[in-house]
Structures are given as C-alpha cells and as structure tokens.
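Reader: I would like to learn how to read a fold from its parts. Where does one begin?

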Amino acid sequence: MKGVLLNSHCVFPSADIERTAEYYRSQLGFQVVPYLEVKEPHICLYRDQTEIILTRSNGQAVIPNRVLYGYGEDAYFITQDQEELQAEFEKAGVKIVRRLALTDYNNREFVIEDIDGRWIAFGIKES
C-alpha cells in the first residue's frame, strides 16, 4: 500500500512568536492558538484550510530564503479570489512586494512581506 500525503503546514521560527502571531491575527486574519506552556512552545495560526506553526528561534535571526539563496518565497499558499485577498491585505496595511500578476511559470500570484521579513506568495496555476 502506498502512503498518501494529506496536508502540509508551514513552520516559521520567530524571535518573538507572540508579536508575530499578533501580526498574523491583526493584518492577515489568522486565528491564534497558543501552546506556550508545553515542552516545545509554539503558536498555531489558522485561516480557512491552512495552518502556520510559529516556533521560537532562540535568539537566531530569521533569514528569508531570498536572502539566503538569492530568490524564493518562504511559503506559498494556493488561493482563489486573489484580487479580493490582495485588497483585504492592502486595506490592513500589509506590505505587498509583488502585485497580482501572471508569472513566467504560468501562476497567477501576489507576494507579501510579513513582520519577520518572510516573503509569502498567494497564487494558483492558470489553466
């Protein structure tokens, strides 16, 4: 029998997980569920059918992929109604680093920068 992958979650280290969680709640509309009194403290962020898990970086700097490797986002969410989502984020004051457009790899996407400097893409493959 073959194993089946069902979902995936982003795991983001952060210097201040409570500050990052508040940004995701107030700017990006995520629900925040803290697990701070457990052996491995973390905060779960939920929006629609997605989850992000924040962990403590223990003093290490958060270095985005584009800085480490010269390009690339730190997360990619498959989305619908991107115009509406981009407008929601703009209204909330989220930094949009690339506006909604069709890429050369045929994805319709936009990219934001979060409070920790990560670039997060929201897109979908065009048919």
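**Strands, a helix and rings**

Author: Begin with a single residue: the bridge partner of Leu45 in strand 4 is Ile52. Keep in mind throughout that this is a predicted model.

Reader: Which way do strand 3 and strand 4 pair, and over how many bridges?

Author: Single bridges are read together to give the pairing of two strands. Strand 3, residues 42–47, is antiparallel to strand 4, with six bridges between them. The two form a hairpin with two residues between the strands, and Asp48 in the turn has a positive phi of about 55 degrees.

Reader: What is the bridge partner of Cys10 in strand 4?

Author: Cys10 is also bridged to Ile52. That bridge belongs to another pairing: strand 1 (residues 10–14) and strand 4 (residues 50–56) run parallel and are joined by five bridges. Further along, Val11 stands opposite Ile53, and Phe12 stands opposite Leu54.

Reader: Which side chains of strand 1 are buried?

Author: Along a strand, look for alternation. The side chains of Cys10, Phe12 and Ser14 point to one face and are buried. Val11 and Pro13 point to the other face and are not buried.

Reader: What is the order of the strands in the sheet that holds strand 1?

Author: The order is 1-4-3-2, in an open sheet of four strands with mixed pairing. Strand 1 and strand 2 (31–35) have a single partner strand each, so they stand at the edges, and one side of each has no neighbour in the sheet. From one strand to the next, the twist averages 25 degrees.

Reader: What is the order of the strands in the sheet that has strand 5 in it?

Author: There the order is 5-8-7-6, again for an open sheet of four strands with mixed pairing. Strand 5 (75–78) and strand 6 (95–102) are its edge strands, each pairing on one side only. The average twist between one strand and the next is 15 degrees.

Reader: In which sense do strand 6 and strand 7 pair?

Author: Strand 6 and strand 7 (residues 107–113) are antiparallel, with five bridges. Within that pair, Arg98 stands opposite Val111.

Reader: Which strands does helix 3 touch?

Author: Helix 3, residues 82–91, packs on this sheet and touches strand 6, strand 7 and strand 8 (119–125). The directions of helix 3 and strand 6 make an angle of about 165 degrees.

Reader: How does one read the sides of a helix?

Author: An α-helix has 3.6 residues a turn, so residues three or four places apart point the same way. For helix 3, list the buried residues: Gln82, Leu85, Gln86 and Phe89. They lie on the same side of helix 3, because the arc they cover around the axis is only 100 degrees. Glu84 and Lys91, on the other side of helix 3, are exposed.

Reader: What covers the buried residues of helix 3?

Author: The cover includes strand 3, strand 6, strand 7 and strand 8. Just after helix 3 comes Gly93, with a positive phi of about 85 degrees.

Reader: How many aromatic pairs does the structure hold?

Author: The structure holds six. Ring pairs are read by the distance between centres and the angle between planes. For Phe77 and Phe122, the centres are 5.6 Å apart and the planes lie at 20 degrees, so this pair is stacked. The pair links distant parts of the chain, with Phe77 in strand 5 and Phe122 in strand 8, 45 residues apart.

Reader: Why do Phe77 and Phe122 count as buried?

Author: The cut-off is under 20% relative accessible area. Phe77 has 9%, so Phe77 is buried. Phe122 has 6%, so Phe122 is buried. Phe110 and Phe122 form another stacked pair, at 5.2 Å centre to centre and 20 degrees between the planes. Here Phe110 in strand 7 is twelve residues from Phe122 in strand 8. Phe110 is buried as well. Ring pairs join Phe77, Phe89, Phe110 and Phe122 into a cluster.

Reader: Where does Asp116 lie, and is Asp116 buried or exposed?

Author: Asp116 is in the loop between strand 7 and strand 8. The relative accessible area of Asp116 is 15%, so Asp116 is buried. For a buried polar side chain, look next for partners. The side chain of Asp116 makes a polar contact of 2.8 Å with the side chain of Thr20 and another of 3.3 Å with that of Ser14. Leaving aside residues up to four places away in sequence, Asp116 touches Ser14, Arg19, Thr20 and Val62. Ser14 is one of the buried residues of strand 1.

Technical notes
Residues numbered from 1 in each chain as written. Predicted model: local features only at pLDDT ≥ 70, side-chain atom pairs only at ≥ 80, totals over all residues. Heavy atoms only, no water. Pairing = 2+ DSSP bridges. Buried < 20%, exposed > 50% of the residue type's maximum accessible area, 1.4 Å probe, protein only. Axes fitted to C-alpha atoms, helices over the stretch in contact; angles between N-to-C directions. Contact = heavy atoms within 4.5 Å. Polar contact = N/O pair within 3.5 Å; in protein donor to acceptor, adjacent residues only side chain to side chain. Arc of directions from axis to C-beta. Phe/Tyr/Trp six-rings, centres within 6.5 Å; stacked < 30°, edge-to-face > 60°.
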